[in-house]
Structure formats: C-alpha cells, structure tokens
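Visitor: Before I go through this one, could you tell me how the labels get decided?
Guide: Sure, have a look and ask away.

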Amino acid sequence: MSTTRDRWLDEGLRVLASEGAAGVRIDRIAARLGLSKGSFHHHFAGADGYKRELLAHYESSCVDALDSAIARVGDDATVPAVLETLTGLIRSDGPGLYRPELDVAVRAWSTSEPEVREVQQRIDTARIDALQRVWGRAVPSAADARLSALLPYLLAVGAAVVVPPVAADDLRRLYEMLLPLVPTD
C-alpha cells in the first residue's frame, strides 16, 4: 500500500526522469498528484528535506533492487545462473534493473550538486560491489572479480547515457550475448 509520502517520492522520481532536476518543483508535483502544498509540508521538511528524501528513496530502490534479485537466486546458485536472472530483469515492460532516463537525470544532477554526487557514488559502489561478490565465485582473484563486475555495469551505464538510451530489450540481448563467456563455477 502506497502512503501519501511514498506517492510524493515516486512522483518526484517520475518527474526527475522525464524533466530532470529542474522539473522537481513542489507546486508541479502537487498538481500532478492532485495534492496540496500543505500535504507536502506535512511529510517533508521543505524543499531541501524533500530533495534529501528523494535521493535516499532513489538510492534505496537502486541498491535494494539488485541485492534482492541476487538474494532471490540464492548463495548456492552458479554465477551464470545469477547473471542470467539479472539479465532477465532488464526489461521494458515495467520496473526492473534498468531505468535509463532516471539514471541519466541523477548522473546529470550529480555534476552540479555535491550531495547528489555522493549519492551517485554510493549507488555505483554498491552495485559494483554486489556484482563483484557474484563474480568472485567464478574468477581466481578479487581484482579479476572487480574487472568482471565492471564490464556489465559499464555496459549498462553507457547504454543509459547514449542519446537516445539503448532500449531495455536491446540491452538484455547484449547481456545474453555475453552470458556464454561467463566461466562456470
């Protein structure tokens, strides 16, 4: 069940994805939601408080989505099985692991706002660390695991930042092309 606070945050992410950071204005989000500014002030400590909570909401959703997907496969799953599952979550028909418009908007915002840059850095670090833990089961060293984790991650980042972004289905197919190269455990 979505609370009013969650609606504010989810709509803020939709606006951020479609209009960039400049579009994240309380009056416009209130109008889109059909809510009053009083509702906003009931849930958030002003625009700066909303920005902090919006970024925390985004960070949590990014990190939790990947961690949850890996956990659902299980610790005893093979590396190819984990990567195959993650590849299956790259889709265009709803929320998945690939949200290029939102990723680009936050990365663009991070170039001018130190607080946003810190959030983006934590997200990148958490995602690469998660992928490194997966790869660590199939390659001989931590350094190899990190490099192996960077390949799919940088492919996703690059796919998001080209204009227009690579479609989710095409990115999934690119990952499927890489799957036969994954060493078995």
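Visitor: How do you know that helix α1 has a span close to the expected one?
Guide: Helices here are DSSP runs (H or I, at least four residues), numbered from the N terminus. Helix α1 covers residues 4-19, 16 residues in total, and reaches 22 Å from its first C-alpha to its last. The expected span is 1.5 Å times one less than the number of residues, and for α1 that comes to 22 Å, so the two are close.

Guide: Keep in mind that this is a predicted model, where local features need pLDDT of at least 70, side-chain atom pairs count only at pLDDT 80 or more, and totals for chains, interfaces and linings use all residues. Residues are numbered from 1 along each chain as its sequence is written, and side-chain values use heavy atoms, with hydrogens and water left out.

Visitor: Why is Asp124 called buried?
Guide: Buried means under 20% relative accessible area, exposed over 50%, and partly exposed in between (1.4 Å probe, protein chains only). Asp124 has 18%, so it counts as buried. Asp124 sits in helix α7, residues 114-135.

Visitor: What is Asp124 in contact with, leaving aside neighbours within four places in sequence?
Guide: Arg107 and Tyr153; contact means heavy atoms within 4.5 Å.

Visitor: And what makes Ala71 exposed?
Guide: Ala71, in helix α4, has 56% relative accessibility, which is over the cut-off, so it's exposed.

Visitor: Which residues of α1 are buried?
Guide: Trp8, Leu9, Glu11, Gly12, Leu13, Val15 and Leu16. They pack against α2, α3, α4 and α6.
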